[in-house]
Amino acid sequence: TEIYTLSLHDALPIFNSQHQREGQVNPAIDGECPSQLKRGLGARHIQMIALGGAIGTGLFMGAGRNIAVAGTSILVIYLLVGFFTYMVMRAMGEVLLTRLDYRSFADFVGDYLGPQASFYLGWTYWLSWVVTCIADVVVCGSYMQYWFPEMSAWMPALSTLGILFLFNLLSVKMFGEAEFWFALIKVITIIALIVTGAWMVATGWTSPDGVKASLNHITDPTVFMPHGVTGFFAGFQIAIFSFTGIELLGTMTAETRDPQKILPKAINALPLRIIIFYLLSMVVIIAVASWPGVSPDASPFVTLFANAGLPAAAAVINFVALTSAMSSANSGVYSSTRMLYGLSVEKHAHGQFRILSRTTRIPVRSLLFSCFCMLSGTLLLFLVPNVMTLFTIVSTLAAIMVVFSWGMILVAYLVYRHKRPDLHQQSMFKMPAGVVMSWISLLFFAFSIFIMIFDPDTLKALMATPLWFVALWLFWKIKQKREGQTQLEKLNA
C-alpha cells in the first residue's frame, strides 16, 4: 500500500495544527487536497448520525437494568442527564462556531486550557471510545445468543469487531452512509415500538402471563424508587453511557460540508430526541410489561414483544438492537481512529499513527492499533463470561471517561467566557445562562461520578480509573523531558 505522512497543516478531524489556530488558514480547508480526509458528510448524514447518537446500546440493552434498579424514577434520571448533556452541547456549539478554523472541541480545549489539557482530553476521549466499542461488541454476543443460546458470547463479539475493522478501511462517505441507514432503522423501530405500546395500553392488552398494559404501572408509587435512593443513584451510570456519542458532532465538523449551518440544527434537535426516544419508550415499556416484568439481564425492547406473545416481532427488535450495537461500535472504531490520528498530528502520540493510505486516505495504523486494543478488551469475556456484568463494568469506565471529556468542554467554555467576552457577544448561538449552567452542569457530573461508589459493579470501574490518569501524567512528564532534551541538543549543535 502506498502511504504518506501528513504535515501539521493537514490536521484532521480531531485536532487542528497549532499553526492554523494561530491564524494561518489552510487554503484547502473547503476544498479537496491529496493530503486531507474527504469532506464527504452532508446534512442528512450529520442529522441522522446525531439522531442515532442519542439511541445507543445503553438504551436498547442497558434500559432493562436501569428500570430494574431505579423503577419509574428512571424517567427523572433520563430527563436530568439529557438536560445537562444538552447544556454541554450548547457550550461546545457556541465555542466551535466562534472560529472558522476550529474543527473539533479538542481544538478550543487546547487553546483555552493549554497543551497538557489537550493531551489529557485527547487520550481520554480515545480510550472512552475504545471502551465503548468493547461494550458494544460484547452485547452483540448477547443479542446473537437470542437465536443461538448455546453459542459463546465471544464468538460473535470478535466477528463483529473484525467486520467493523474491514468496513472502516473504506471512505468516510461510506461510513456516513452506513451510519445514516443504521440510525434510520433505530429511529423507525423505536417509533414503531412507541406506537405499538400506545395501542396495547389503549386496548388493555393482556400478556400470556396475565399482565395488563396500563398507565397505572407508571403512576404506582411503590415502583417509583423500589430500591430506595441507592437504586435511584445506580441508574445514572447507564443513563450517562446511553448519551455517549452525542458529542461526536463536535468531532465531525472537519468532514462536514457546512458545519456553521448544520451544527446548530443538530444540537437544537436534542431535547426533542430525548423526549421521544428515552422518555416515551420507557413509559411504553413499563406500561406494557410492568416494573416486575422487566428483566435486568436482557433488552426490554425484546422482552416486551416476547411477553406480549409476539415472538416474530421480538426477533425483529432483537435484530434492530444488534444493528444498533454494531452502529455504535462502528462509530467507536471511527472516532478512536481519528482521535489517535489527531493526537499524532499534535505530536501527542507516535508519528506512525498519522500515516494514511493514499487511495482511501484512512489512518490505517491508527485503525490497527485502536482495533487491537478493542480486541484485547473483548477477550475479557473469557474472564467474565456474564455479558451483563462485563457490560456494566465496561460501560461504567466509558461513562467516567466521557464525563471527563464533557467536563473539559465546560471548563474550556468558562475560560472562553472570561478571556473572550467579545466573541460571546458576537455569537449567534449563545449557550443559555452560559456561566451559571456550566457550573451547575459540572456539579451535576461530579455528583454522577461520586454516586458510582454505591454500586459494587460501578465501584470496581471507578477504583480503576485513577490508574489511567496517573499513567497519563507519567507519559506527559516523559514527553516533556524528551522534548526538553531535544531542544537542548539543538541549541548545543
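**Notes on the predicted model: salt bridges, a pocket and a greasy patch**

1. Let's start with charges. Searching the whole structure turns up 2 salt bridges. Keep in mind that this is a predicted model, so every number here is computed from it.

2. One of the bridges pairs Asp-422 with Arg-420, and their closest N and O atoms sit 2.8 Å apart. How covered are the two partners? Asp-422 is partly exposed at 33% relative accessibility, and Arg-420 is partly exposed too, with a relative accessible area of 32%.

3. The other bridge joins Glu-483 and Lys-479, at 2.7 Å from N to O. Both residues belong to helix H20 (residues 456-492), where they are 4 residues apart, and that puts about one helical turn between them. The general rule helps here: an α-helix has 3.6 residues a turn, so residues three or four places apart point the same way.

4. Is Lys-479 buried or exposed? Lys-479 is buried, with a relative accessible area of 15%, because the cut-off for buried is under 20%. Its partner Glu-483 comes out at 34%, so Glu-483 counts as partly exposed.

5. Now the largest pocket, which holds about 630 Å³ of space. The elements giving two or more residues to its lining are H7 and H20. H20 supplies the largest share of that lining, with 10 residues.

6. Which residues lie nearest the centre of the largest pocket? Of the 18 lining residues, those are Lys-347, His-348, Lys-479, Arg-482 and Glu-483. Note that Lys-479 and Glu-483 are the pair from the H20 salt bridge.

7. Helix H7 deserves its own point. H7 covers residues 115-147, which makes 33 residues, and spans 49 Å from first to last C-alpha. The expected value is 48 Å at 1.5 Å a residue, and the model is close to that. H7 is also mostly covered, with 27 of its 33 residues buried.

8. Away from the charges, have a look at the nonpolar patch on the surface. The patch consists of Trp-154, Met-155, Phe-372, Leu-375, Leu-379, Leu-380, Phe-382 and Leu-383, and together these expose about 760 Å² of accessible area. Helix H8 (154-167) and helix H16 (364-378) are the elements that give two or more residues to the patch.

9. Where does Leu-380 sit? Leu-380 is in the loop between H16 and helix H17 (387-419). With a relative accessible area of 34%, Leu-380 is partly exposed, and it therefore passes the cut-off of over 30% that patch residues need.

Conventions. Residues are numbered from 1 along each chain as its sequence is written. This is a predicted model: local features need pLDDT of at least 70, side-chain atom pairs count only at pLDDT 80 or more; totals for chains, interfaces and linings use all residues. Side-chain values use heavy atoms; hydrogens and water are left out. Patches are made of residues with over 30% relative accessible area and no salt bridge: like charges are joined within 9 Å, nonpolar side chains (Val, Leu, Ile, Met, Phe, Trp, Tyr) within 5 Å. Accessible areas come from the Shrake-Rupley method with a 1.4 Å probe; for residues, only the protein chains shown count as cover. A salt bridge is a side-chain nitrogen of Lys or Arg within 4 Å of a carboxyl oxygen of Asp or Glu. Buried means under 20% relative accessible area, exposed over 50%, partly exposed in between (1.4 Å probe, protein chains only). The expected span of a helix is 1.5 Å times one less than its number of residues. On a 1 Å grid over the protein atoms alone, a cavity is a set of points where a 1.4 Å probe fits but cannot get out, and a pocket is an open set with protein on both sides within 12 Å along at least five of seven lines; lining residues have an atom within 4 Å of a point. Grid points are joined across faces, edges and corners, and a volume is the space filled by probe spheres set on the points.
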